[in-house]
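Hi,

Here is the structure I promised to pass on. Have a look at it first, then read my notes underneath.

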Amino acid sequence: MKTWITVLAVFFSQWSWANQLTIVDTNNIKYMISDSQLLDMPQTSISTTLPWLEEEATFQGVTLQTLFEQSNLTLPPSLTFVALNNYEVVIPRSDIETYSPIVAILKNGEPMSIRHKGPFWVIFPIAAKPELNNTEYHSKMIWQLKRIQM
């Protein structure tokens, strides 16, 4: 009996744990946004090649401008992005306004697992803007994103 309860608990826990992105504002207030909430926001697609991929891929997600507008937050001069492994990168507002990177939720129409750089990945439009194809912008394309700190 105990085995069946454990099996059922594991099975149903997969359904109850949605991926979440946290935005922390300057007052340390946390805004939790689920993957389904992100998918309900206006979507943008970016088709591009990346140094970590063997072929071009199409990423779908929300621009950072849209994410902040939909969350009723003002885009600050810079944002710190934090990955699951605590890697951090700072992206200035000027890059966000100029290049419209997205928080990608889907790659080629499918959700991204942690193993495949998901659940959220900041993507810049490298194919459309070749000037971004350098180590500075590669480092800003943080994967396994868990938090955005204002």
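**What I found in the sheet**

Phe81 has Ile148 of strand 10 as its bridge partner. That contact belongs to the antiparallel pairing of strand 5 (residues 78-83) with strand 10, joined by 4 bridges. By strands I mean DSSP runs (E, at least two residues), numbered from the N terminus, and two of them pair if DSSP finds at least two bridges between them.

Before you go further: this is a predicted model, where local features need pLDDT of at least 70, side-chain atom pairs count only at pLDDT 80 or more, and totals for chains, interfaces and linings use all residues. Residues are numbered from 1 along each chain as its sequence is written, and side-chain values use heavy atoms, with hydrogens and water left out.

Ile148 in strand 10 is also the bridge partner of Ile23. Here strand 1 and strand 10 (residues 145-149) run parallel, with 3 bridges. Strand 1 also pairs with strand 2 (residues 30-34), this time antiparallel and over 5 bridges; Leu21 is matched with Ile33 of strand 2. The hairpin of these two strands has 5 residues between them, and Asn28 takes a positive phi near 65 degrees there.

Put together, you get an open sheet of 5 strands in the order 2-1-10-5-6, with mixed pairing. Strand 2 and strand 6 (88-92) are the edges, each pairing on one side only.

Why is strand 1 largely enclosed by the rest of the structure? Because 4 of the 5 residues of strand 1 (residues 20-24) are buried, meaning under 20% relative accessible area (1.4 Å probe, protein chains only).

Cheers

How values were computed:
Buried < 20%, exposed > 50% of the residue type's maximum accessible area, 1.4 Å probe, protein only.
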